Amino acid sequence: KLSKLNQSLLLLAKIENKQFDDAIQVNLKEKVEIKLKHFSELWQSRNIKVQSLLEDSFITMNPALADILLNNLLSNAAKHNVADGIIEIDLKQGSLIISNTGTTQSLDASQLFTRFYKQSAGSDNHGLGLSIVKQICEVSHCNISYSFNEGKHVFVLKW
């Protein structure tokens, strides 16, 4: 657990110090399709249904940071979901929306992207995943937002 925490803190420091400066046009549709394959076993094991609508979409970003961003958002959608839950992924040029079933109440949007924030104290998570997402968005000149709509937690990435 300490090793994972250390890795996340080092990643945050590297992002803050702009050590990922080689931004290129990234085909987000291709990256999401690869992630769908990588996460499929996890979702199947928890009987989580995934619905995706993916259009061609490009973003100017460091490819490694794009992978980390997608990993964090998709792993959170699974980790904080319920058995027999749903994950919806909607990708269009200029926006990526990831929503999932989970707890039946909204998260604290004012704290959600801060370091070490956890909704529940007993969680095994270190509370850095969404902070890393926020930092990646800042250095990549895009926005991430959270809302709770119709029983689903919704993360919207816009660029």
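# A tour of the sheet, its helices and a pocket

Begin by selecting β2 and strand β4 (residues 86-92), which pair in the parallel sense over six bridges; strands count as paired if DSSP finds at least two bridges between them, and helices (H or I, at least four residues) and strands (E, at least two) are DSSP runs numbered from the N terminus. The model is a predicted one, in which local features need pLDDT of at least 70 and side-chain atom pairs count only at pLDDT 80 or more, while totals for chains, interfaces and linings use all residues. Residues are numbered from 1 along each chain as its sequence is written, and side-chain values use heavy atoms, with hydrogens and water left out.

To check the register of this pair, pick Ser 52, whose bridge partner in β4 is Ile 89.

**The whole sheet**

Now show β2, β4, β5, β7 and β6, which in that order make up an open sheet of five strands with mixed pairing. At the edges are β2 (49-54) and β6, each of which pairs on one side only. Neighbouring strands of this sheet are turned by 10° against each other on average, direction ignored; axes here are lines fitted to C-alpha atoms, for helices over the stretch in contact, and angles run from 0 to 180 degrees between N-to-C directions.

Move to the β6 edge, where strand β6 (residues 143-149) and strand β7 (residues 152-158) run antiparallel and are joined by seven bridges. Within this pair, Phe 148 has His 153 in β7 as its bridge partner. The two strands form a hairpin with two residues between them, and Glu 150 in the turn has a positive phi of about 50°.

**Helices on the sheet**

Select helix α2 (residues 28-45) next, which lies across β2 and β4 and runs at about 175° to β2; contact means heavy atoms within 4.5 Å. In the loop between α2 and β2 you will find Asn 47, a residue other than glycine with a positive phi, near 55°.

Then select α4, which lies across β6 and β7 and runs at about 135° to β6. The loop between α4 and β6 holds His 141, whose phi is also positive, near 60°, in a residue other than glycine.

**Helix against helix**

Two packed helices are described by the angle between their axes and the distance between the axes. Add α3 to the view with α2: their axes come within 10 Å and cross at roughly 40°, and the crossing is right-handed, that is, the near helix is turned clockwise from the far one by less than a right angle, whereas anticlockwise would be left-handed. Side chains to display in α2 include Phe 39, Leu 42 and Trp 43, and among the residues that α2 meets in α3 are Leu 70, Leu 74 and Ala 78. By class, this contact of α2 with α3 has 10 nonpolar, two polar and three charged residues, where Ala, Val, Leu, Ile, Met, Phe, Trp, Tyr, Cys and Pro count as nonpolar, Asp, Glu, Lys and Arg as charged, and the others, Gly among them, as polar.

Now turn to helix α3 (residues 63-79) with α4, whose axes come within 9 Å and cross at roughly 145°, in a left-handed crossing. Residues of α3 in this contact include Leu 65, Ile 68 and Leu 69, and those of α4 include Ile 132, Val 133 and Ile 136. The contact of α3 with α4 has 10 nonpolar, three polar and no charged residues.
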